[in-house]
Amino acid sequence: MSWAGAEDVFISTSLASYLDKKLLVLLRDGRKLLGLLRSFDQFANVILEGACERAIVGDLYCDIPLGLYVIRGENVVLIGELDLEKEELPPHMTQVSVEEIKKAQKAEKDATDLKGSMRKRMEFLDFD
């Protein structure tokens with residue numbers, strides 16, 4: 001058959017076209033997971049093989065290995081295929097160890113918390 005039927009359109013728009021391909025999965029909490037899609041169901045629950053979490057802070061990044069990973073569909077925001085022939089990250093990014101990225105994440109969180117608390121203290125000023 002040379003034309004696509006209704007069932008072929010459905011298959012091409014589902015996750016079936018991504019099976020056994022390297023994917024990026026963005027989660028609701030902001031985490032980014034990479035891995036090979038091995039299985040999925042109608043609720044977008046997915047199983048990634050060789051999964052790792054990509055943590056990025058500024059120009060630093062680290063891939064934290066997770067192994068076989070099951071993701072509940074309600075936590076998935078975006079799923080996209082990675083092009084294996086292209087460079088995944090810009091050249092200015094520097095890969096660091098897990099310990100270094102954890103320190104950088106803590107410093108970033110502390111800075112954000114401080115900024116928020118300073119803003120609350122200054123709410124009585126009307127800048128408008």
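**Exercise 1. A residue in a loop**

D20 is placed in the loop between α1 and β1; the model in which it is examined here is a predicted one. Determine the sign of the phi angle of D20.

*Solution.*
Step 1. Recall the general expectation: most residues other than glycine have a negative phi.
Step 2. Compare the residue with this expectation. D20 is not a glycine, yet its phi is positive, at about 65 degrees.
Step 3. Look for a further example. A44, which is not a glycine either, has a positive phi of about 70 degrees. A44 is found in the loop between β2 and β3 and is partly exposed, with a relative accessible area of 26%.

**Exercise 2. Salt bridges**

State how many salt bridges the structure holds, and establish which parts of the chain the pair R38 and D20 ties together.

*Solution.*
Step 1. Begin with the principle: side chains of opposite charge can pair when their charged atoms come close.
Step 2. Give the total. There are seven salt bridges in the structure.
Step 3. Examine the pair. Between R38 and D20, the closest N and O atoms are 2.4 Å apart, and the two residues form a salt bridge.
Step 4. Locate both partners. R38 belongs to strand β2 (residues 32-40), whereas D20 is in the loop between α1 (6-13) and β1 (22-27); the pair therefore ties together parts that are 18 residues apart in sequence.
Step 5. Extend the picture. D20 and R38 are linked with E49 in a network of salt bridges. R38 itself is partly exposed, its relative accessible area being 36%.

**Exercise 3. A salt bridge within a helix**

Explain where D110 and K106 lie with respect to each other, and classify each as buried, partly exposed or exposed.

*Solution.*
Step 1. Identify the element. Helix α2 (residues 98-121) contains both D110 and K106.
Step 2. Consider the spacing. The two residues are four residues apart, which is about one turn of the helix.
Step 3. Check the contact. D110 and K106 form a salt bridge whose closest N and O atoms are 3.1 Å apart.
Step 4. Apply the cut-off: a residue is exposed over 50% relative accessible area. K106, at 52%, is exposed, while D110, at 37%, is partly exposed.
Step 5. Repeat the procedure for another pair. D29 and R31 form a salt bridge with the closest N and O atoms 2.9 Å apart. D29 is exposed at 53% relative accessibility, and R31 is partly exposed at 27%.

**Exercise 4. The arrangement of the strands**

Give the order of the strands in the sheet, and describe how β3 pairs with β2 and with β4.

*Solution.*
Step 1. Write the order. The six strands form an open sheet, β5-β1-β2-β3-β4-β6, with mixed pairing.
Step 2. Find the edges. β5 (76-81) and β6 (94-95) are the edge strands, since each pairs on one side only.
Step 3. Treat β2 and β3. These strands run antiparallel and are joined by six bridges; L37 has L48 in β3 as its bridge partner. They make a hairpin with five residues between them, and A44 lies in the turn.
Step 4. Treat β3 and β4. β3 pairs with β4 (residues 60-71) in the antiparallel sense over ten bridges, and I47 stands opposite V70 in β4. This hairpin has two residues between its strands; G58 in its turn has a positive phi of about 60 degrees.
Step 5. Add the helix. α2 packs on the sheet and touches β3 and β4, its direction making about 100 degrees with that of β4.

**Exercise 5. Core residues and a buried arginine**

Name residues of the largest nonpolar core, and decide whether R54 is buried or exposed.

*Solution.*
Step 1. Recall that in soluble globular proteins, nonpolar side chains tend to be buried together.
Step 2. Describe the core. The largest nonpolar core has eleven residues, including L15, L23, L27, L37, L48 and V76. β1, β2 and β3 (46-57) each supply at least two residues of this core. A second, separate core of seven residues includes A55, C62, I64 and I101.
Step 3. Turn to R54, which lies in strand β3. Its relative accessible area is 10%, and buried means under 20%; R54 is therefore buried.
Step 4. Inspect its surroundings. The side chains of R54 and D63 are joined by a polar contact of 2.7 Å. Among the residues that R54 touches are K32, Y61 and E88.

Terms used:
Residues numbered from 1 in each chain as written. Predicted model: local features only at pLDDT ≥ 70, side-chain atom pairs only at ≥ 80, totals over all residues. Heavy atoms only, no water. Salt bridge = Lys/Arg side-chain N within 4 Å of Asp/Glu carboxyl O. Buried < 20%, exposed > 50% of the residue type's maximum accessible area, 1.4 Å probe, protein only. Core = buried A, V, L, I, M, F, W, Y, C linked by side-chain atoms within 4.5 Å. Polar contact = N/O pair within 3.5 Å; in protein donor to acceptor, adjacent residues only side chain to side chain. Contact = heavy atoms within 4.5 Å. Pairing = 2+ DSSP bridges. Axes fitted to C-alpha atoms, helices over the stretch in contact; angles between N-to-C directions. Lists of a residue's contacts leave out its neighbours within four places in sequence.
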